[in-house]
Amino acid sequence: MPLYEYQCEACGLVFEARQKFSDAPLSSCRECGGKVEKLISRAGFSLKGGGWYDQGYTNAPSCSGGDSAGCAACPKAANG
Ligand SMILES: [Zn+2]
């Protein structure tokens with residue numbers, strides 16, 4: 001079950017709530033009943049570098065497929 005974080009706008013309380021995907025988001029603070037705002041869960045965002053963006057593909061010059069040295073690492077070259 002996913003874990004959501006909420007922060008109360010009234011008292012500033014940050015609390016976590018486990019909810020099903022089908023559950024409606026909380027709208028009131030469990031302590032004071034004030035309005036709460038849903039925070040982005042830290043657990044759901046563990047992007048610590050690595051992966052696709054470190055391969056340099058996003059910075060590769062536009063290439064038509066194999067007519068320059070830079071194309072050796074280009075996915076287009078690999079695909080023929
Ligand atoms: Zn509150």
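The following questions and answers concern the zinc site and the nonpolar core of a predicted model.

Local features need pLDDT of at least 70 and side-chain atom pairs count only at pLDDT 80 or more, while totals for chains, interfaces and linings use all residues. Residues are numbered from 1 along each chain as its sequence is written, and side-chain values use heavy atoms, with hydrogens and water left out.

User: What arrangement do the four donor atoms around the zinc ion have?

Analyst: Donors are N, O and S atoms within 2.8 Å of the metal (3.2 Å for Na, K and Ca); water is not among the atoms, so sites may look incomplete. Here SG atoms of Cys8, Cys11, Cys29 and Cys32 coordinate the zinc ion at 2.3 to 2.4 Å. Four donors count as tetrahedral if all angles lie between 85 and 135 degrees. Because the angles subtended are 104 to 119°, the arrangement is tetrahedral.

User: Is Cys11 buried, partly exposed or exposed?

Analyst: Buried means under 20% relative accessible area, exposed over 50%, and partly exposed in between (1.4 Å probe, protein chains only). The relative accessibility of Cys11 is 42%, so this residue counts as partly exposed.

User: Which element gives the most to the largest nonpolar core?

Analyst: A nonpolar core is a set of buried Ala, Val, Leu, Ile, Met, Phe, Trp, Tyr and Cys residues joined through side-chain atoms within 4.5 Å. The largest one has seven residues: Tyr4, Tyr6, Cys8, Phe15, Ala17, Cys29 and Val36. Strands (E, at least two residues) are DSSP runs, numbered from the N terminus. Two or more residues come from each of β1 and β2, and the most, three residues, come from β1.

Key:
Tetrahedral: all angles 85-135°; square planar, octahedral: opposite > 155°, others 65-115°. Helix = DSSP H or I, 4+ residues; strand = E, 2+ residues; numbered from the N terminus.
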